[in-house]
Amino acid sequence: MTETPAPPLIFPSELVQTLRSAHRVVVLTGAGISAESGIPTFRQAQTGLWTQYRAEDLATPEAFRKNPRLVWEWYAWRRNIIANSKPNPAHLALVKLEDQIPNFTLITQNVDNLHQTAGSRKIIEFHGNIFRTKCSNENRVVETWFDTGEVPPRCPSCNHFLRPDVVWFGELISEAALSAAFRSVQDCQVFISIGTSGLVEPAASLPRLALQHESLLVEINLEPTPLTHQADFILQGLSGRIIPQLIAKVWPDLQP
Ligand code: OAD
């Protein structure tokens, strides 16, 4: 038996025209864009060993102070899943979008490095990167350390624990990431929010800031979010299906 292919998606012509002529576009991505690469989103149930924990309870400075080994091992588990995954068609389509838009900024809340692997260039890592490690005391990136078997390992310079270079709940986004994001959002013509529940600040404020500056707002998500009722265009479904088809519709001459 052969499976009938899903019919091609139909996009509003105003959206297609606007994107075709846009010069300044901002895309905000969340965990949903990497779900089709096999990486669990934050608010999905955790698997196996981790079913008893909520991601939010492990991604805090308090959790690390209380049980650094548990937090380090949870990130090691996530890093292992991510290291075995690859960019999906949504990540790849955003590289094409960047090629077409003169002033394009990708703000990602994801720490999984998949946009970078796909080939995106102008990326603001809003929540850090799981493949970097920093000293929990000196707050600087550390690239090599002695493997003594201790978990977490210790900083070779000050002997405090090392930790992933990601932003935890209750911590501040880096000033550089915040100001670069605000600058591009205040100036964009189209803001596209992809695969984020829009529940975590300050990222959740970015689409609202875009609206205040009269940007068009597009949301791509499997389900409604607090942003949905403010969006000009709501594209509901899998980002790995929607984004490549949208790009192909806007720029039909591009190589698939
Ligand atoms: P969430 O897990 O909160 O939300 C994922 C969103 O993606 C949901 O709205 C899903 O409906 C949607 N989704 C899932 N699969 C999808 C698919 N294939 N296509 C389109 N949409 C899909 O993740 P984030 O919004 O990224 O922060 O979470 C924001 C922040 O909270 C994270 O960066 C992390 C987390 O705790 C920190 O660790 C500081």
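# Exercises on cavities and pockets

Serine 34 is buried, with a relative accessible area of 1%. The exercises below start from this residue and use a predicted model.

**Exercise 1.** Find where serine 34 sits and which residues it touches, leaving out those up to four places away in sequence.

Solution.
- Step 1. Place the residue: serine 34 belongs to helix α2, which covers residues 32-35.
- Step 2. Check its burial: a relative accessible area of 1% falls below the 20% limit for a buried residue.
- Step 3. List its contacts: serine 34 touches Ile39, Asn88, His91, Asn110, Asp112 and Leu114, with residues up to four places away not counted.

**Exercise 2.** Describe the largest cavity by volume, lining and position relative to the domains.

Solution.
- Step 1. Count the cavities: the whole structure holds three of 30 Å³ or more.
- Step 2. Give the volume: the largest cavity has about 80 Å³.
- Step 3. Name the lining: Ser34 is one of its residues, and others include Ala31, Ile39, Arg78, Ile82 and Val111.
- Step 4. Sort the lining by class: six residues are nonpolar, three polar and two charged.
- Step 5. Locate the cavity: domain 1 (1-38 + 87-127 + 171-251) and domain 2 (40-84 + 133-166) both contribute lining residues, so the largest cavity lies between them.

**Exercise 3.** Val111 is among the residues that line the largest cavity. Is valine 111 buried or exposed, and which residues is it in contact with beyond four places in sequence?

Solution.
- Step 1. Place the residue: valine 111 is in the loop between β2 (103-108) and α7 (114-118).
- Step 2. Judge burial: its relative accessible area is 13%, and valine 111 is therefore buried.
- Step 3. List the contacts: leaving aside neighbours within four places, valine 111 meets His127, Gly128, Asn129, Ile130 and Val166.
- Step 4. Add a distance: the C-alpha atoms of valine 111 and phenylalanine 126 are 8.4 Å apart, with their positions 15 residues apart along the chain.

**Exercise 4.** Describe helix α5, which holds Arg78 and Ile82.

Solution.
- Step 1. Compare its span with the expected one: α5 (residues 68-83) has 16 residues and reaches 22 Å from first to last C-alpha, close to the 22 Å expected at 1.5 Å a residue.
- Step 2. Pick out buried residues: these include Trp72, Trp74, Tyr75, Arg78 and Ile82.
- Step 3. Find their partners: the buried residues of α5 pack against α3 (55-58), α4 (61-66), β4 (128-135) and β5 (162-166).

**Exercise 5.** Which elements give two or more residues to the lining of the second largest cavity, and how does that lining divide by class?

Solution.
- Step 1. Give the volume: the second largest cavity has about 40 Å³.
- Step 2. Name the elements: α6 (89-100), β6 (190-194) and α10 (239-250) each give two or more residues.
- Step 3. Find the main contributor: α10 gives the most, with three residues.
- Step 4. Sort by class: the lining has nine nonpolar residues, no polar and no charged ones.

**Exercise 6.** Describe the largest and second largest pockets.

Solution.
- Step 1. Give the volumes: the largest pocket has about 870 Å³, and the second largest about 220 Å³.
- Step 2. Count the lining residues: the largest pocket has 44, with Ala31, Thr41, Phe42, Arg43 and Ser197 nearest its centre. The second largest has 16, with Lys134, Asp165, Val167, Leu172 and Ser174 nearest its centre.
- Step 3. Sort by class: the largest pocket has 21 nonpolar, 16 polar and seven charged lining residues, while the second largest has six nonpolar, four polar and six charged.
- Step 4. Relate them to the domains: the largest pocket draws at least three lining residues from each of domain 1 and domain 2. Both domains also give residues to the second largest pocket, so that pocket lies between them.

Notes. Residues numbered from 1 in each chain as written. Predicted model: local features only at pLDDT ≥ 70, side-chain atom pairs only at ≥ 80, totals over all residues. Heavy atoms only, no water. 1 Å grid on protein atoms, 1.4 Å probe; cavity = no way out; pocket = protein on both sides within 12 Å on 5 of 7 lines; lining within 4 Å. Points joined across faces, edges and corners; volume = space filled by probe spheres on them. Nonpolar A, V, L, I, M, F, W, Y, C, P; charged D, E, K, R; others polar. Domains from an automatic or database assignment. Buried < 20%, exposed > 50% of the residue type's maximum accessible area, 1.4 Å probe, protein only. Contact = heavy atoms within 4.5 Å. Expected span 1.5 Å × (residues − 1).
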